[in-house]
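Here is a friendly note to read alongside the model. The points are numbered, so you can take them one at a time.

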Amino acid sequence: MITIRNISFCYPDGNRALNNVTIDVQKGSNVAVVGANGAGKSTLLALIVGLHNLMEGQIEIDGKAVGKGTLEEIRKKVGFVFQNPDDQLFMARVYDDITFGPRNFGYPPEKIKELADNALEIMKIGHLKDRAPHKLSGGEKRNVAIAAVLAMAPDVLLLDEPSSYLDPKSRRNFILAMEQLPHTKLIATHDLDLVLDLCDRVIIMNRGEVVADGAPRELFLNEKLMECSGLELPLSLQTRK
Amino acid sequence: MSKLTDSLNKIQSLEELSDGSTVLHRIHPMAKMITTIFFLVVVISFERHQISGLIPFFIYPILMMAIGEIPYKSVLSRLLIALPFSFFAGLSNPILDSETAFILTGIPVSYGLLSFLSILLKTVLTVMAVLIMVATTPMDQLARQLVRIRVPKIFVMQLMLTVRYLTILISEASSMMNAYHLRSVKQKGIALDHMGTFLGQLLLRSYGRAERVYLAMKCRGFDGDYHFARSHSARTSDLIFCFGLCTSFFIFRWCNLRLIIGRLFGQ
Ligand SMILES: Nc1ncnc2c1ncn2[C@@H]1O[C@H](COP(=O)(O)OP(=O)(O)OP(=O)(O)O)[C@@H](O)[C@H]1O
Ligand SMILES: [Mg+2]
């Protein structure tokens, strides 16, 4: 579904964020990307939806290369939840923000309403519908941001630290909701327990490079690898040791 | 709380009022817009020295605020922002034009003073009318009507995005201010030698933020064309609202009411 081949990326100020990254994500799978701060997770996700211009390598979604001509199609297929919900929410009302995507796709009003109501239902935030996004709490904003992307009915979900700001209950709700959804998911996160619960595969990044790729439980128990990548054993595995 | 956050809330609270459900809120946005524009034209069309004719027009904003359940405070406080501009713009009038128009209880009133007062009254009326419209109609509904009356879409978009950018700018500024004050407890305000960095940072940050917001919009299919949510179609009540009010503005403006009423009661 997502094919990333030998990509490298430098920010305009010369900061090298990604170096020769190759990843393949199967349709319908839940894949996590973990790594220390500044490892390049957000940059990787942003490149997949073409937010920066790729310099080296190639990214393909469903066989379509990400590039100028295909952006529209790809963004319809791939929903991206930003690391910071404030970057994403800009309408004066939660409901308007959630319908923003579907309206851009020119869906008929009934379909827009159906998509929006469904997204509100999944994230359990029906009560926030008429509130102003900038007056919500951090976690509430996060839930709205996720709902806004779900309302676009994408095939692929890119989630950048989706569980940050969430309280334990919302986090649990989020994990349950994600388990139910059939989308292909690529999740950048520091929440390794979430990875254990939700993902069948994890990619560990360090300083812009992929250092490991495999089953979460195995990789997380590899002390040397975890040490080198600046990661710590998740709580749920610590007790077992 | 910092003043910035206050003014942010002011901008936003007007927008939130527009989510109400009074009769006035439910009038079709186009009807409100035409009425408001007609009101503006009529008020502005008064001659420079006219004052008495303007007074009856205050019935409109007062009535609308009552029907729309708009708190007086929110309109008046915003009015105060606009008033100083016309105050200073009109200030030269009494000085330049000191010819006496009439004498009121022994005090000569000059034409300049009259036109000065007339400017102030007109400002109050027009600003109130626009604020009332904004407070009872959601922003994107208004924008949509602007597009429908053939205002070029690019201007309307610009307007909407400016309003959004303002929110971003102010929220960045207020969070920076808070962060600054928490770490420089003794000071009031920002020290002058920090001002340059502060403003520079603010610009960069709000720019960066605006760019990310824009990217997020693009991710959700935004292609430079804003797709407005539809409003209900116009009903008879909307027509009556618009036609009724416009007619009464017309009567108040061009028929000499005092004369008519005087005649009615004089007989
Ligand atoms: N706009 C930018 N301009 C220049 N360099 C940047 C920019 N954004 C990120 N970087 C740099 O690129 C590298 C990767 O950043 P990225 O945001 O992808 O990290 P991350 O893995 O998402 O980290 P975190 O876990 O903190 O979110 C970092 O070294 C960072 O300093
Ligand atoms: Mg990140």
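1. Is Asp117(A) buried or partly exposed? At 28% relative accessibility, Asp117(A) counts as partly exposed; the term covers values between buried (under 20% relative accessible area) and exposed (over 50%), with a 1.4 Å probe and protein chains only. Its salt-bridge partner Lys113(A) is partly exposed too, at 46%. The closest approach in this pair is 2.8 Å, N to O, where a salt bridge is a side-chain nitrogen of Lys or Arg within 4 Å of a carboxyl oxygen of Asp or Glu. Both residues belong to helix H5 (residues 109-123) of chain A, and because they are 4 residues apart there, about one helical turn separates them.

2. A word on how to read all this: the model is predicted, local features need pLDDT of at least 70, side-chain atom pairs count only at pLDDT 80 or more, and totals for chains, interfaces and linings use all residues. Residues are numbered from 1 along each chain as its sequence is written, chains are lettered from A and ligands numbered from 1 in the order in which they are written, and side-chain values use heavy atoms, with hydrogens and water left out.

3. Over all chains, the salt bridges come to 16. One of them joins Arg5(A) to Glu60(A), with the closest N and O atoms 3.8 Å apart. Arg5(A) sits in strand S1 (residues 2-10) of chain A and Glu60(A) in strand S4 (residues 56-61) of chain A, so this pair ties together parts that are 55 residues apart in sequence. Helices (H or I, at least four residues) and strands (E, at least two) are DSSP runs, numbered from the N terminus. Arg5(A) is partly exposed at 37%, whereas Glu60(A) is buried at 18%.

4. Another salt bridge links Lys64(A) and Glu73(A), at 3.2 Å between the closest N and O atoms. Lys64(A) has a relative accessible area of 35% and is partly exposed; Glu73(A), at 40%, is partly exposed.

5. Now for the sheet that holds S1(A) and S4(A). Four strands of chain A form an open, antiparallel sheet in the order S2-S1-S4-S5; two strands pair if DSSP finds at least two bridges between them. At the edges are strand S2 (16-25) and strand S5 (64-65) of chain A, each pairing on one side only. S1(A) and S4(A) are joined by 5 bridges, and Thr3(A) has Glu60(A) as its bridge partner in S4(A). Helix H1 (residues 41-48) of chain A packs on this sheet and touches S1, S2 and S4 of chain A.

6. Which strands pair with S7(A) in the parallel sense? S6(A) does so over 4 bridges, and strand S8 (residues 184-188) of chain A over 5 bridges. Gly79(A) has Leu157(A) as its bridge partner in S7(A), while Leu158(A) is matched with Leu186(A) in S8(A). In strand S7 (residues 156-160) of chain A, 5 of the 5 residues are buried, so this strand is largely enclosed by the rest of the structure. Val156(A), Leu158(A) and Asp160(A) point one way from S7(A), and Leu157(A) and Leu159(A) the other way.

7. In soluble globular proteins, nonpolar side chains tend to be buried together. The largest nonpolar core here has 46 residues, and Ile98(A) and Phe174(A) touch the most other members; such a core is a set of buried Ala, Val, Leu, Ile, Met, Phe, Trp, Tyr and Cys residues joined through side-chain atoms within 4.5 Å. Helix H6 (residues 138-150) of chain A gives the largest share, 7 residues. Leaving aside neighbours within four places in sequence, Phe174(A) is in contact with residues including Met123(A), Ile146(A) and Leu194(A), contact being heavy atoms within 4.5 Å. Apart from this core lies another, of 37 residues, among them Val21(A), Ile61(A), Val156(A) and Ala216(B).

8. Finally, look at chain B. In H10(B), the buried residues include Phe198(B), Leu202(B), Arg209(B) and Ala216(B). Their cover includes helix H2 (71-77), strand S6 (78-81), helix H3 (85-88) and helix H4 (94-104) of chain A, together with helix H9 (153-183) of chain B. Just after H10(B), Gly221(B) takes a positive phi of about 85°.

Notes:
Axes fitted to C-alpha atoms, helices over the stretch in contact; angles between N-to-C directions.
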